[in-house]
4 protein chains.
Amino acid sequence: MRRLWTGDYYNEGNGKDDIFDKLKEECGVFGVFGHPDAATLSYYGLHALQHRGEESAGICTSDNGVFHYHRGMGLVKEVFDRDHMESMPGDRSIGHVRYSTAGESKLANAQPLVFKYRGGDLAVATNGNIVNAPQIRRDLESKGSIFQTTSDTEVIAHLIARSPKELVEAVKDAFAQLVGGFAFLIMTNDRLLAASDPHGLRPLVLGRLGEGYILASETCAFETIGASYLRDVQPGEILVLDKDGLHEERYAPLERRAVCAMEYIYFARPDSDINGINLHASRKRMGQQLAVEAFVDADIVTGVPDSSISAAIGYAEQTGISYELGLIKNKYTGRTFIQPSQELREKGVKMKLSAVRKVVEGKRVVMIDDSIVRGTTSRRIVNLLREAGALEVHVRITSPPFANPCFYGIDTPDRRDLIASSKTIEEIREAINADSLYFLSKPGLIESIGGHEDALNRGLCLGCFDNDYPTQVDFEDAKIGCGCD
Amino acid sequence: MRRLWTGDYYNEGNGKDDIFDKLKEECGVFGVFGHPDAATLSYYGLHALQHRGEESAGICTSDNGVFHYHRGMGLVKEVFDRDHMESMPGDRSIGHVRYSTAGESKLANAQPLVFKYRGGDLAVATNGNIVNAPQIRRDLESKGSIFQTTSDTEVIAHLIARSPKELVEAVKDAFAQLVGGFAFLIMTNDRLLAASDPHGLRPLVLGRLGEGYILASETCAFETIGASYLRDVQPGEILVLDKDGLHEERYAPLERRAVCAMEYIYFARPDSDINGINLHASRKRMGQQLAVEAFVDADIVTGVPDSSISAAIGYAEQTGISYELGLIKNKYTGRTFIQPSQELREKGVKMKLSAVRKVVEGKRVVMIDDSIVRGTTSRRIVNLLREAGALEVHVRITSPPFANPCFYGIDTPDRRDLIASSKTIEEIREAINADSLYFLSKPGLIESIGGHEDALNRGLCLGCFDNDYPTQVDFEDAKIGCGCD
Amino acid sequence: MRRLWTGDYYNEGNGKDDIFDKLKEECGVFGVFGHPDAATLSYYGLHALQHRGEESAGICTSDNGVFHYHRGMGLVKEVFDRDHMESMPGDRSIGHVRYSTAGESKLANAQPLVFKYRGGDLAVATNGNIVNAPQIRRDLESKGSIFQTTSDTEVIAHLIARSPKELVEAVKDAFAQLVGGFAFLIMTNDRLLAASDPHGLRPLVLGRLGEGYILASETCAFETIGASYLRDVQPGEILVLDKDGLHEERYAPLERRAVCAMEYIYFARPDSDINGINLHASRKRMGQQLAVEAFVDADIVTGVPDSSISAAIGYAEQTGISYELGLIKNKYTGRTFIQPSQELREKGVKMKLSAVRKVVEGKRVVMIDDSIVRGTTSRRIVNLLREAGALEVHVRITSPPFANPCFYGIDTPDRRDLIASSKTIEEIREAINADSLYFLSKPGLIESIGGHEDALNRGLCLGCFDNDYPTQVDFEDAKIGCGCD
Amino acid sequence: MRRLWTGDYYNEGNGKDDIFDKLKEECGVFGVFGHPDAATLSYYGLHALQHRGEESAGICTSDNGVFHYHRGMGLVKEVFDRDHMESMPGDRSIGHVRYSTAGESKLANAQPLVFKYRGGDLAVATNGNIVNAPQIRRDLESKGSIFQTTSDTEVIAHLIARSPKELVEAVKDAFAQLVGGFAFLIMTNDRLLAASDPHGLRPLVLGRLGEGYILASETCAFETIGASYLRDVQPGEILVLDKDGLHEERYAPLERRAVCAMEYIYFARPDSDINGINLHASRKRMGQQLAVEAFVDADIVTGVPDSSISAAIGYAEQTGISYELGLIKNKYTGRTFIQPSQELREKGVKMKLSAVRKVVEGKRVVMIDDSIVRGTTSRRIVNLLREAGALEVHVRITSPPFANPCFYGIDTPDRRDLIASSKTIEEIREAINADSLYFLSKPGLIESIGGHEDALNRGLCLGCFDNDYPTQVDFEDAKIGCGCD
């Protein structure tokens, strides 16, 4: 009977699970400055950002300059209990949730990382990826630096510590050396800094709660704690919070804004806004736009949960085809869930997604999804629908073909494993066993995200679709994926 | 700072949490007969039924008549690991998930309960409630019986053990004494029995997987393990599975079918079918019917997640008003989540539900929900929408006013705490701070559930709405709620 | 590498571990009546009795007649945290620690067992074994009783519940049917009862703390909580504690006292007294008596830890041979310790006992131990000493040959596995690879335990040595071992 | 009732527990080179060294140069399960157990620490303390180094990484800068290094198992895994193990050997040998010597468990006074044990040590202990004996007065908290409520440890007694205590 369990423990998005080869959430950051409930607010704020990272969580508070921190593997609710909250006094804090692969060596990577350096204490939490981190690491190592993690965060700390300048200038110097897409929170004994990369690839927003300031990867965290939104942190900007309040600094000029399009398409929570654009609304527009670009006569529209529900409703509203619950996800699946073995799967045991026979049987189905990475997941879902009796399955994707790796924080497979990098759309259609397949056009995507605004002020990074990256990328030596890992 | 944490650990639906005073899920049962992977299938089957009970889980297998079992507090994925699976060989099993209040005394109540009696071993798992359990208990105690749990399941075991007849006859005799609504699975050293109460109040379905038979509270468990649906267990029926296969027995005539309407409205998973009716589809029809009965001019329609999404889409499709994501639920909230204190809530910290400002701001909102119990939750959700800027909030409920307690397995508060038992609809509207309020009519509900079929063959229990219960109820002495607790 | 771990998780005394085939501790009970800190005192009292049972622990308190309880698998310190303590108010309680084999089915056996019956609530905790439990069970089952545990405790509860008399009389009637050796604590809504079997086989003592009464298996629990010793509960006696204080009742005449000799030799903690005799002192006398009966010229004396240290010191003092630490036990070994595989053991990896090379090398060693059960452990220890360089190993046992099973609570193997039941002393000597072997004489043992008192007032059960049992034993049908299991 | 639990969770030796203000164990290290069961052997080896550190444990293996590691808080048996073992292949490893205060920040300190540096991977495990670590840290920080732990181990890694030389030379250079007492294990991708400080303050031994080499803090770890002892690592020596076998290097001349006397008196396991001297034997000689120096007429001798049992037996043998079990320790007390509140202690609840009334009542007692630190523990134990009825309590200590802090790895309180630094012996006697008090003389101690050997070859560090430290100590700036913390 053991053979039934040869599969490893199921781990949402751990890369071993080919049926759910979704792009991996990266990380989320959350900061408080000047509010007496810093640890508690961080708990709820990080909980709201949990979708950005389910593998580890951490909070570091500062109580009159004295740091208190706790980090652990697991969800926010698993890592922290009330005792932890009470042991982290202070009116300022930074916190982090991380997506990563499992393994103890990775506990060392759990953020915020906390350092002692020439200037005192330093806590750093990041979201994103530094393309030239390998080069910087090699350079630092050659100068005698040691590394205890594989996280880009440690690279930043080294750069700051090695600068002879005072903190803000040291941070500016450090950032000037970085190529990539990232959002940073840095806490010292007397200050809290927030910064975005020069193109604003990763979201970071500033809010207000009572007398204090709040920083978060997404606005949904503000709603959860009752904070009000002030503004998005701008590309190339450093916000400095100290006893005199908020100071706006800049380490790079604002040239081209390039927000990661996948944040709009898939990552961010639908109730969040990025640069003032609500995610649910823009996803619904993607569905509507798909209907305009690629109508197909069908009986029902269904979305792959959870990310494609908004788009599916948009497609249904636009076409008048009925939206139905053709696919359902088991919400209880999680870290300790035992993955069915290959043998059991072949016997028909599903994991977390099922087709609803009564809904799809005998129907022509439009299935909306956000992207196709390797193609294996899409094929499985199409087959679930067919096994449940769907007559036709028409796949509509709310993004252009994903053909290029991400260098700015998304954990993508090698280019050769991206089905769209080597196959035509017709070949992909065949591979996923669909009756028809359509990818949203690039202009359609831009239109859906930005409404009627121009692409300059609301510029996007579409590198994974068009291979046009906002930063220099040395393809031989650049680091792909997520720098928190 | 301790004051921030005076609230108890959050426990989904533990009754302490007034903002989520939803009706409590009751229980789910799952059985296997004649399949070599009995324990494993039970794991996945119970996982699919997890929404019916999150507090404890248990599996008992039989390996050539030798029982192996494990029970524990928590979700299926928390209670069982691979070692447990491997320690439960056998080709037949019964399993259970239970909703209940917390506390060790309740671990004793975790099912299946396993007994030794005159006839050998006996494992029993139930869903539902026995109205006259208190009287039967008193009678058994006066005859010298002892009870180690407060579960109705133990009552049944005593009745069976005290009968001098052979098993099936003993079970029939026992059931003849019971008044209530329930679904039972009983395993002995050589047989597996499944039974439904005389009116079929609680769902129970029979399926087939390979050479084996599967029994489950809902068909969604079949889809998960790849089993095919055979039929619903009929009211008053006992199915007996032994080495000779399936035998259909009956302990009560089929007189009036009375399936719990709340299963259709709220409890069962939307991808399940009860008596051949898909739940998503019937909920969508409830939304459409609400639109017919109580149209209101508005800008958007939103559903209270997760149970009212289907109905909200139905309302939107019927009216042409746009369906939007006006409310969002944090899917990570669970057992170990720390509930915000009253103080923090007053400061604006949300728990698991948030309104999406960008979606509802400046809009006239139709909010669809399945029921109003005490009214406190509804008021909170309406206020969330108002605080997020909704101009008007029109509440539409997919069921008639819930004015009477349930005697058949739903854990309802006392009648005096049911807002609809003492207040007019206008008073409720005022209490929940809505601009308008409408409850689906009883005919509208019956129509929505049953499609165009007559109410006789697809009869419902609507006792909580109309006080007309399918069984005799001695209101002075009857047991309310869930018999598994 | 997996092969290195094929051995099961190490479990002290779980019977799988042939090198530590020591006789198993049975159980310990602890009761409080009339002290406001009942739960807390139980925690410390049971902790002091932990050596009597390491597998499960439980406490049930009564707060004005309302029962609160918690039970779990593991050590007292593992089963209870502060939250549990706070959730068990009340000024009276009974508690239990149990030795048992592992497995969830055994969690159901964790005591105190708590019942509802005709008379209200009933909590029962026991130590010992009922020889005729199988017959009573069969009789009860034939009358329609069901059993949820395999514990004798449940048998008692059934007998009490089926008696039409008031509690104390019902208990007397119940006890009159029992054959065996046991100590009982019974708590009802208004009373607490303590009873010993008619021969006082298992120890049970009464003490006083402030205004309250304390009951415990051993006096060491009194010392831990600061209680003062009043007296041993007498054979055949029932102590009844209620609002009027202490009442002394009797259900059997005091005929022959027969305290389990193994309590003196091995089980009880050395700092406890039984019937006024200190255990360390009597064990030291056993060692001295061994020296008198079987002196051997040697260089050092060593005891097998922990139970035989006192005796070894006695042997050394009597002979003038130096006491040395020739064997050492790893005190950290416990429940979660991973047992070395057979392969690793053959490579030389020790488990919890090591010989100290520097001490024994080149020495003639007298090794003192308390008993030889199967002989496997003794052989291993002798070999450990030889491998560490001992020139000669002379084994001296502080008890006569253990040749017969116990019917009164000690978990002994089948008679055929008791090496002394089939082999001569010379054969045993050869089997355990000793240079010489001597078992303490029966008169020597009695003398050592009882000092200069007569064997009538301080009578012992020596059944495991001489096959003369104090109660009737139907060898065909009698239950061996521990009734809590 | 909450007040009863205001005391924090009991934590053996966490400094909060004034009744057990024993000197804290420091750390233990264990290494394997060239044996296919490296992880498994480390598990058993560290388990044997558990007494040197109960707070965290870690193992890092190398499998053809690829590192695998796992670290955690708790005992070896708690930190590792079989899955961990299987996930750490390789034929070489270093491991660590650490004493420390609790807290997550300290999880970061759990060793072995693992680094990436210019030369590849580096794992380091240490026992001891670097006196001038603060100065080296400041210097490194001024050069731009960052620190993620407070452990001296990280200092060493920085020094090695910043050296431009090849590894062994870099290590020599690094060590040349260190002042202190320490034992180091260092693993790189192709080598394993072991080193002791220039005076050999901390023990480190080399052994052989099959074709492989074993390194350990104490020889007891060899016995457990079946390894044979080769020799002690010499002061100032570096052993280098690589594919060519064992190389003996030296970074400092052997001038004065100065083994920590407290290792002999208290820390090391009694079955270990240091420099060929067995610890049990030397402790027994300390007891004999005490009897020679300070005989007192008494009825019994008792030792404070566990460390002073050997000495007490020596005292008893020398004087002819009977050794008795006057004090007993509860072996189950541990990390999760709930410490009784002050209120409960005043009511008489004991923690882990009890006096045995039957043994000490009416007796004149000689109580042997190893040291007096603050005096609070000694006073409590004396009072325990008096409350149990001792007529006189004569305290005999197996070491001279402990009047000076340790700079080489023992976690001592500030000098002002050492009772012997400010009080005369008569004042201490009065403070601890003893009838008489005697500390072993320095010559008597040296004699007891070294047998008849001269103090040069078997030189000791007696700094805590005589303020004569083997290394330079800048009392203003030197680091006291344990460098692993």
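**Predicted model: helix, interfaces and salt bridges**

Colleague: Which residues of helix α4 (residues 133-142) of chain C are buried?

Modeller: Helices are DSSP runs of H or I with at least four residues, and strands are runs of E with at least two, both numbered from the N terminus. Buried means under 20% relative accessible area, exposed means over 50%, and partly exposed lies in between, with a 1.4 Å probe and protein chains only. On these terms, the buried residues of α4(C) are A133(C), I136(C), R137(C), L140(C) and E141(C).

Colleague: Within what arc do the buried residues of α4(C) fall, seen down the axis?

Modeller: The arc is that of the directions from the helix axis to the C-beta atoms. The buried residues of α4(C) line one face of the helix, because they fall within an arc of 135°.

Colleague: Which pLDDT is needed before side-chain atom pairs count?

Modeller: Residues are numbered from 1 along each chain as its sequence is written, while chains are lettered from A and ligands numbered from 1 in the order in which they are written. This is a predicted model, where side-chain values use heavy atoms and leave out hydrogens and water, totals for chains, interfaces and linings use all residues, local features need pLDDT of at least 70, and side-chain atom pairs count only at pLDDT 80 or more.

Colleague: Which strand of chain B helps to cover the buried residues of α4(C)?

Modeller: Contact means heavy atoms within 4.5 Å. The cover includes β6 (120-130) and α5 (152-162) of chain C, together with a strand of chain B, β5 (113-117).

Colleague: What area is buried between chain A and chain B?

Modeller: Buried area is the accessible area (1.4 Å probe) that two parts lose on being put together, summed over both. The contact takes 71 residues from chain A and 71 residues from chain B. Carbon and sulfur atoms give 55% of the area buried between these chains, which is about 6400 Å².

Colleague: How many salt bridges lie between chain A and chain B?

Modeller: A salt bridge is a side-chain nitrogen of Lys or Arg within 4 Å of a carboxyl oxygen of Asp or Glu. One of those between the two chains joins K331(B) and D306(A), with the closest N and O atoms 3.8 Å apart. The count between chain A and chain B is six.

Colleague: Is E223(C), which pairs with R357(D), buried or exposed?

Modeller: The side chains of E223(C) and R357(D) meet in a salt bridge at 3.7 Å, N to O. E223(C) lies in helix α7 (residues 220-225) of chain C and R357(D) in helix α12 (residues 357-360) of chain D, so the pair joins two chains. R357(D) is partly exposed, with a relative accessible area of 34%, whereas E223(C), at 15%, is buried.

Colleague: How many residues apart in sequence are the parts that E248(B) and R231(B) tie together?

Modeller: These side chains meet in a salt bridge at 3.4 Å, N to O. E248(B) lies in strand β13 (residues 245-250) of chain B and R231(B) in strand β11 (residues 228-232) of chain B, so the parts that the pair ties together are apart in sequence by 17 residues.

Colleague: What relative accessibility does S196(D) have?

Modeller: S196(D) has its place in strand β8 (residues 192-196) of chain D. Leaving aside neighbours within four places in sequence, S196(D) is in contact with residues including F182(D), R202(D), V233(D) and Y251(D). S196(D) counts as buried, because its relative accessibility is 1%.
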